[in-house]
Amino acid sequence: RGDRAPPEKFAKRAVELNPGNATVWDVYRSSVLEPTGRLDEALVAQRRAVSLDPLNVPIAFRLAALLNYLRRCDEAVRQAQLNFELDAKFILGYLVVARCHESNGNFTEAIAAWRKIKRPWAPDKVLDELQAVVDSPAGKTDRKAYWRARLAWARRYAETAPDQFYFTAVFAAQAGEHDEAFRYLDRAIAQRERELVSLKVDPQFDPIRKDPRFAGVLKRLNLS
């Protein structure tokens with residue numbers, strides 16, 4: 001929170017002083033351009049970072065994530081695949097793959113990608129339950145069935161795990177539980193969860209983006 005002018009000023013100055021440094025461009029994208037919704041500029045900066053350090057897998061991964069924020073999922077998945085060629089063990093790339101499949105309603109493919117990640121918030125037991133929902137008659141006709149199942153699990157898990165209110169808000173928004181989504185965003189803000197920096201551009205919140213309360217949340221975070 002607070003005035004964003006000083007960080008932009010310092011980030012621009014860092015780019016001027018170190019135009020050949022990939023990390024400087026990456027930080028400029030992450031600290032200034034992306035949080036404020038300047039995604040076209042962010043894409044230019046991140047592509048520059050990748051060109052300066054093409055073997056840097058985390059920087060390349062963040063390019064894939066940015067393409068997802070731009071809703072260019074085909075390109076995002078292709079970039080993630082390139083990341084796997086650089087380092088097959090960098091499993092965070094599957095986050096982009098999973099979220100792109102979710103945005104397209106390809107839930108079986110999304111579940112397969114989540115299985116690659118092996119995080120506490122996506123254990124096999126939960127993924128098995130999700131797959132059963134997707135394969136059920138209701139799951140085949142109701143896109144929100146998948147998200148309701150994710151929300152049911154997240155409600156329990158978020159109470160005992162750090163930095164999970166943001167993602168629970170995602171599931172609530174996608175499930176159509178908009179009031180609950182805003183309640184969890186309030187809790188994420190209270191906990192100062194790091195993912196909030198992406199709130200303005202995260203396509204997972206598209207279902208509530210036009211709600212006046214969303215603009216209010218962005219204003220509270222100085223992201224409007």
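# Helix packing, a pocket and a cavity

The axes of helix H8, residues 124-135, and helix H10 come within 9 Å and cross at roughly 155°. With angles over 145 degrees counted as roughly antiparallel, that makes H8 roughly antiparallel to H10. Before I go on, a quick reminder, everyone: this is a predicted model.

Let's stay with that pair for a moment. H8 passes H10 in a right-handed crossing. If you want to find the contact on your screens, look for Val126, Leu130, Val133 and Val134 on the H8 side. Their partners in H10 are Ala145, Tyr146, Ala149, Arg150 and Trp153. What kinds of residue make up this contact of H8 with H10? Eight are nonpolar, none is polar and one is charged. Please keep Arg150 of H10 in mind, since we'll meet that residue again.

Now turn to the neighbour on the list, H11. H10 and H11 pack at an angle of about 150°, and their axes lie 8 Å apart. By the cut-off of 145 degrees, H10 is therefore roughly antiparallel to H11. The crossing of these two helices is left-handed, whereas H8 crosses H10 in the right-handed sense.

The residue list here is a bit longer to read out, so bear with me. From H10 we have Lys144, Trp147, Arg148, Arg150, Leu151, Ala154 and Arg155. They meet Thr168, Phe171, Ala172, Gln174 and Ala175 of H11. Sorted by class, the contact of H10 with H11 holds six nonpolar, two polar and four charged residues. And there is Arg150 again: this residue takes part in the contact with H11 and in the contact with H8.

That brings me to the empty space. How many cavities of 30 Å³ or more does the count give? The count comes to one. The largest cavity has a volume of about 140 Å³. Of its 15 lining residues, Trp121, Arg150, Gln164, Phe167 and Phe171 are the closest to the centre. So Arg150 turns up once more, and Phe171 joins it from the H11 side of the helix contact. Which elements give two or more residues to this lining? They are H6, H10, which spans 144-157, and H11. By class, the lining of the cavity has nine nonpolar, three polar and three charged residues.

Next, the largest pocket, which holds about 840 Å³ of space. It is lined by 29 residues, and nearest its centre lie Leu95, Arg99, Phe167, Arg194 and Glu195. You'll have noticed Phe167, which is also among the residues closest to the centre of the cavity. At least two lining residues each come from H2, H4, H6 (93-103) and H11 (165-175). Which element supplies the largest share of this lining? That is H4, with six residues. The whole pocket lining divides into 15 nonpolar, five polar and nine charged residues.

Since H2 and H4 both line the pocket, let me finish with how they pack. H2, residues 22-33, and H4, residues 57-69, meet at an angle of about 30° with their axes 11 Å apart. Angles under 35 degrees count as roughly parallel, so H2 is roughly parallel to H4. H2 passes H4 in a left-handed crossing. On H2 the contact is made by Ala22, Thr23, Asp26 and Arg29, and on H4 by Ile59, Arg62 and Leu66. Those residues divide into three nonpolar, one polar and three charged.

Thanks, everyone, and I'm happy to take questions.

Conventions: Residues are numbered from 1 along each chain as its sequence is written. This is a predicted model: local features need pLDDT of at least 70, side-chain atom pairs count only at pLDDT 80 or more; totals for chains, interfaces and linings use all residues. Side-chain values use heavy atoms; hydrogens and water are left out. Axes are lines fitted to C-alpha atoms, for helices over the stretch in contact, and angles run from 0 to 180 degrees between N-to-C directions. Helices (H or I, at least four residues) and strands (E, at least two) are DSSP runs, numbered from the N terminus. Angles under 35 degrees count as roughly parallel, over 145 as roughly antiparallel, 65 to 115 as roughly perpendicular and the rest as oblique. A crossing is left-handed if the near helix is turned anticlockwise from the far one by less than a right angle, and right-handed if clockwise. Contact means heavy atoms within 4.5 Å. Ala, Val, Leu, Ile, Met, Phe, Trp, Tyr, Cys and Pro count as nonpolar, Asp, Glu, Lys and Arg as charged, and the others, Gly among them, as polar. On a 1 Å grid over the protein atoms alone, a cavity is a set of points where a 1.4 Å probe fits but cannot get out, and a pocket is an open set with protein on both sides within 12 Å along at least five of seven lines; lining residues have an atom within 4 Å of a point. Grid points are joined across faces, edges and corners, and a volume is the space filled by probe spheres set on the points.
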